Amino acid sequence: MTILEKVNLTTGTGWGSGPCVGNTGSVPRLNIPSLCLQDGPNGIRFTDFITNFPSGLATGSTFNKHLMYTRGRAIGLEAKLKGVDILLGPTIGPIGYKAQGGRNWESFGFDPYLQGIAGACTVQGIQSQGVVAAARQFIGNEQERFRQVNEWTGGDWDRLSESINSVIKDRVMHEIYLWPWADVVHAGVGGVMCSYNRVNGTYACENSYLLNYLLKEELGFQGFVVSDWGAQHTGVDSALSGLDMTMPGEIFGDWCSGKSYWGPLLTRAVYNETIPQSRLNDMVSRILASFFSIDSKLPNSDYEEDLPNFSSWTFHTYDQEFPFQSYGPIKQTNYHVDLRDDSTEWTALEVAREAIVLLKNDGHNLPISEKDGIRRLLIAGAAAGPDSKGFNSKDQKSVGGALFQGWGSASVNAPYGITPYEAIVQKARERDMVIDFTSDQYDLDHVDDIAEYADMAVVFAVASSGEGYIEVDGNFGDRKNLSLWQNSEELIDHIASRCHKTVVVITATGPVDLEPFIDNENVVAVLLSAPLGQYFGKAIAEVLFGEVNPSGRLPFTIARKWDQYVPIIDKIPIKGKPTDDLNRLLDYRFFDENGIRPRFEFGYGLSYTKFSLSDLSIKEILPPTTDLPYPPPYLDEYVFAEEKLRDVEDALFPFKEFSPVPGFVYPYLFNEKIYSVDEYEYPEGYTEEECYQEPISGGGLGGNDALWNTLYSVHAEVTNIGDVEGAYVGELYIDYPSGYDGIKTPRQLRGFDKVHLKPGESGKLEFEILRRDISVWDTEDQSWVIIPGTYKLYVGSSSRRLELAGEVEIL
Ligand code: NOJ
């Protein structure tokens with residue numbers, strides 16, 4: 001390939017310059033198409049006739065690995081059939097350091113182990129369909145506010161001179177933030193998206209330590225790093241620091257301008273040898289190797305039929321080729337291909353069912369039954385019905401009705417949304433109940449009246465959030481507080497003071513404040529879930545009426561006091577560079593270590609049946625050793641022949657052949673000035689020599705292969721001792737001996753398994769403890785070590801309900 005052809009694959013063609021949210025240039029000579037990069041983690045963004053899957057956070061709440069994989073596969077299938085090459089998902093960062101974090105609903109839960117397993121299962125599912133997954137956002141993107149300069153203007157925002165800086169110390173980086181990335185790399189993820197924020201002072205997309213060392217060297221990542229949209233801040237530095245693809249091509253905020261840090265400038269930097277050709281070759285090999293090993297489009301095959309059959313920029317069937325730029329001929333832009341089938345529908349529904357968490361069920365008032373004298377049912381809350389703006393306001397920023405998803409790039413155009421009102425009414429009528437309904441959140445006199453007559457009231461409430469480029473009622477992506485929205489607390493209070501059997505159903509993008517009503521004895525039951533997608537209403541109605549037994553578990557802790565959570569940084573310091581310290585213990589680790597009793601702990605969730613646990617057995621599979629074995633030496637690097645740089649003239653824009661499309665980013669030079677390498681100031685410490693040592697902790701996909709060895713297998717027996725069928729999630733936690741550096745490793749989740757059991761039936765919970773699960777990061781040796789001592793193993797139904805205990809002694 002020529003330099004121009006290679007550069008073309010590394011640089012997006014520009015916002016709106018192609019059908020997808022990101023489009024690389026193509027290499028027609030070799031039949032390599034423009035690659036289509038499309039959001040997202042919960043389904044395919046900006047198109048129609050697709051499935052609105054339950055959110056990542058809902059998927060995490062199922063604690064069901066099979067469903068995690070199946071959902072990934074279903075999303076991958078839809079992506080494939082729409083012509084997507086690279087799917088921008090799953091989201092495995094944020095990790096949930098901040099309860100109010102806007103994008104927590106996209107990822108799987110506030111724990112690296114849960115996040116890692118769910119991320120890996122999703123990657124395997126997506127890629128099984130021949131679509132490359134690009135896991136996002138690497139790394140430390142824990143809040144939306146201040147993620148980018150110029151995202152908002154006016155007031156304090158004008159003083160923001162650099163994106164927020166996430167400070168993460170070495171041990172925390174390895175044991176918490178990097179942990180799930182090791183899982184997805186191990187699972188063979190093809191792409192990784194670097195984030196907007198800075199990490200330890202340097203932008204994530206030009207942070208050589210993060211990209212070149214941690215990701216590519218230590219975790220052995222073989223794929224490509226793509227920038228978040230406009231997260232690139234330099235040309236040469238980012239290339240040398242490990243960025244392989246820039247998206248959407250232009251500089252942040254200068255959309256549709258055609259101005260890029262790469263494109264022509266990357267060509268120039270290679271021509272004047274500021275960037276070695278070997279780096280460009282590396283970028284392109286990483287992109288093409290991922291694409292050809294995962295995608296089924298092969299060079300020289302007829303890829304035409306696999307091209308994207310939709311446009312992200314218009315819903316019209318026919319439109320201009322570049323509607324954003326008002327340019328190009330009118331052509332068919334959307335083919336409205338309907339690719340939903342029984343398997344995608346089933347997956348969306350099944351994940352929604354298993355994601356619902358029953359928090360309270362005093363007096364067993366749920367499931368709703370006419371046998372308990374429930375004949376007059378009140379459904380209350382705007383969140384029970386459709387939003388007056390419909391299901392598909394731009395990027396789902398309206399939150400006036402039932403909440404199917406959060407807002408931003410992870411939202412999709414829902415094909416429909418089954419509201420709770422619709423689904424409950426159907427079931428209630430089948431049971432000869434009468435139903436009343438109010439969506440009034442403010443006229444509480446009226447609500448008081450109708451609540452008096454209800455045998456049971458079901459009140460729906462929400463709290464939403466999303467990506468930082470959208471503001472909803474003062475919530476700039478992140479939630480400004482943890483309260484329920486739209487006066488819901490008052491509404492619940494009024495209804496519960498009139499109706500002695502009030503059930504509260506909450507959809508939220510993260511933890512919410514339950515204190516105003518959780519102890520109210522008339523609030524007999526509370527259900528909570530993360531956004532459940534198109535089947536929200538159906539799934540919740542099935543749970544309310546007992547057709548489905550709830551089996552979701554909390555993927556985060558619900559505190560009693562707000563100030564027990566880490567706040568969003570919302571002030572900009574004098575120099576305009578906010579800093580965020582991500583070193584406090586994450587979620588339940590903080591509550592456990594500080595002896596703080598949460599309202600509901602991580603992993604908690606009730607059922608309509610009861611289970612008993614017994615017979616914990618721990619079997620050693622491989623004897624543990626303190627230190628990791630050295631990985632085998634690297635294979636010899638394949639060195640590509642360097643192209644003899646031809647005349648600069650060859651790289652000039654071929655104006656004679658065609659005219660540039662406005663705003664399109666090309667690889668061609670616009671003039672012959674290429675400057676000289678001496679004019680470039682390299683970052684401090686930069687050398688052309690390879691100066692790294694092969695890390696002991698590296699050597700395989702996701703790190704040293706030995707980290708993935710199973711050291712112990714753990715089993716326990718679980719029996720359904722209740723009257724109805726149900727599913728039990730067994731959670732395995734480990735207590736570690738005190739570390740060599742005196743820093744105690746907090747108790748943490750290291751396994752989960754879900755079994756479905758009929759009444760009286762028993763089943764086996766199975767866990768595998770890998771070497772990495774009992775290792776801690778040794779900052780001095782820069783390696784994973786196993787500390788000798790006693791490891792306590794617990795199996796239970798939450799992070800605090802640890803029914804069975806055992807231990808292993810490591811000498
Ligand atoms: C910005 C978001 O942070 C990222 O996750 C997304 O993939 C891109 N926009 C493209 O929509």
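How much area is buried between domain 1 and domain 2, and what share of it do carbon and sulfur atoms give? The first two legends take up this interface.

This is a predicted model, in which local features need pLDDT of at least 70 and side-chain atom pairs count only at pLDDT 80 or more, while totals for chains, interfaces and linings use all residues. Residues are numbered from 1 along each chain as its sequence is written, and side-chain values use heavy atoms, with hydrogens and water left out.

**View A. Interface of domain 1 (3-297) and domain 2 (613-631 + 696-810).** The domain bounds come from an automatic or database domain assignment. Between the C-alpha centres of the two domains the distance is 31 Å. About 2400 Å² is buried between domain 1 and domain 2, and carbon and sulfur atoms give 58% of this area; buried area is the accessible area (1.4 Å probe) that two parts lose on being put together, summed over both. Domain 1 places 24 residues in contact with 25 residues of domain 2 (contact: heavy atoms within 4.5 Å).

**View B. Polar and charged pairs between domain 1 and domain 2, and the domain 1 side.** The rule finds 1 salt bridge across this interface (a side-chain nitrogen of Lys or Arg within 4 Å of a carboxyl oxygen of Asp or Glu). Asp-183 and Arg-772 form a salt bridge, with 3.0 Å between the closest N and O atoms. Elements giving two or more residues to the side of domain 1 that touches domain 2 include helix 3 (65-82), helix 4 (112-127) and helix 6 (179-186); helices (H or I, at least four residues) and strands (E, at least two) are DSSP runs, numbered from the N terminus. Helix 6 gives the largest share of that side, 5 residues.

**View C. Open sheet of 4 strands in the order 8-7-5-20, with mixed pairing.** Strand 8 (202-203) and strand 20 (579-581) are at the edges with a single partner strand each, so one side of each has no neighbour in the sheet. Two strands pair if DSSP finds at least two bridges between them. Strand 5 (residues 165-167) pairs with strand 20 in the parallel sense over 3 bridges. Opposite Asn-165 stands Thr-579 of strand 20.

**View D. Hairpin of strand 10 and strand 11, with 4 residues between the strands.** Strand 10 (residues 318-322) and strand 11 (residues 327-332) run antiparallel and are joined by 4 bridges. Tyr-318 has Gln-332 of strand 11 as its bridge partner. In this hairpin, Ser-326 takes a positive phi near 45°.
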